[in-house]
Amino acid sequence: MKKALKLFLAYFSWLILGTLIGTFFYSLYLHSIGLVAGVDSPVFSREYLESSFFLVSQVLAFISGFLLLGYKIRKPGNPLQLLVYVICQLISICLIFPLSYHFEKKFVTDNHYFYQQDNTLSPGFFREYNDQVYFFLNEENNRLIQIDTRDGGTSFFLENSYTARDILTEEAAPYKDVLIKNSFNVNTSSYSFFGTIVNAAKQDLDRGASYWFTFLSLTFALTSIYALSGLTSWRIANYSLCGIFYIAVLFINNFYWSPAMNSFRAKSFLHSGVFGFFERWTSAPFLIMCNLIFALVLTLIGTITYFVRRKRGR
């Protein structure tokens, strides 16, 4: 009982600490991508902090279970730990995530202040794109000089034109200013490991309670990995097994919703027969089936392992 209670307390401690630390660092990230050369910007604004808080709390809802597995492996206890682990997973997916999304819509999305930032670029800086250098002359970015850097290229003075600003803004993505993007000198990608699955979960919440069953099946799959936490007598092996399977389950569920799987999700067999029947109430019957099969297999393995160990007196 004592170890189960400690697991429960550890869950809330990690949740609070992880949210605070994650909010701090993700706010720094939002600040960096929103910078414009020559323009002062507060490091921790209300907009950045609120947006970071909600996103971090939603991501933690999916990964908090792995932290609990690590604690359980380090301090194994009685079956009450399993009960606490299941309760914590349900709290994360069925309470924390929906509440976080609800208040995100109320304080961030509905207010629109984070998504309606000024898109103007500061004048007085040379910005380059595709052999063209642009120099804005005013704050409105509608008067500029365009310099063609190719051999034989010429310069132009443009007025009442916002095309260059739009081109540079698009090239700077996900940053706001191409100068800032070049300063960081990092490769950017449209694929987001947690972003895709979080957005899919939000869409299912908006569609209705029955659609949330897709992510309940994911919770079941993640929870079943508990069966591997005591599979061997080597802690490092148990850590590795749990980590590999936990990441694999999250990756598969995330990748299923990625643009790369659009053609697969459009396959006719996913929209006919049994899958077509359950598609009336859920967004991904095939994914639900995969999660449930995985969870049942691991649950069976864990049950057999538990009774074998009891029989051997371990």
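This passage looks at a helix, a surface patch and the cysteines of a predicted model.

Helix 11 makes a good starting point. It runs over residues 285-312, and its length can be checked with simple arithmetic: at 1.5 Å a residue, its 28 residues should span 40 Å, and the C-alpha atoms at its ends lie 41 Å apart, so expectation and model agree. Part of this helix is hidden from the surroundings. Its buried residues are P285, F286, L287, I288, N291, A295, L298, G302 and T305. The cover over these buried residues of helix 11 includes helix 7 (213-224), helix 8 (235-256), helix 9 (262-265) and helix 10 (273-278). When reading such a list, it helps to recall that an α-helix has 3.6 residues a turn, so residues three or four places apart point the same way.

The surface offers another view. A nonpolar patch is formed there by L17, I21, F24, F25, L28, V43, F44 and L49, which together have about 690 Å² of accessible area. Helix 1 (residues 2-33) gives the largest share of the patch, with 5 residues. I21 is found in helix 1, and this residue counts as partly exposed because its relative accessibility is 43%, between the limits of 20% and 50%.

The cysteines complete the picture. A disulfide is a covalent bond between the sulfur atoms of two cysteines. With a cut-off of 2.5 Å between the sulfur atoms, the count is 0 disulfides. C88 is in no disulfide, and its nearest cysteine sulfur, that of C94, is 13 Å away. C88 counts as buried because its relative accessibility is 0%, whereas C290, at 32%, counts as partly exposed.

Conventions: Residues numbered from 1 in each chain as written. Predicted model: local features only at pLDDT ≥ 70, side-chain atom pairs only at ≥ 80, totals over all residues. Heavy atoms only, no water. Helix = DSSP H or I, 4+ residues; strand = E, 2+ residues; numbered from the N terminus. Expected span 1.5 Å × (residues − 1). Buried < 20%, exposed > 50% of the residue type's maximum accessible area, 1.4 Å probe, protein only. Contact = heavy atoms within 4.5 Å. Patch = residues over 30% accessible without salt bridge, like charges linked within 9 Å, V, L, I, M, F, W, Y side chains within 5 Å. Areas by Shrake-Rupley, 256 points an atom, 1.4 Å probe, with all protein chains shown as cover. Salt bridge = Lys/Arg side-chain N within 4 Å of Asp/Glu carboxyl O.
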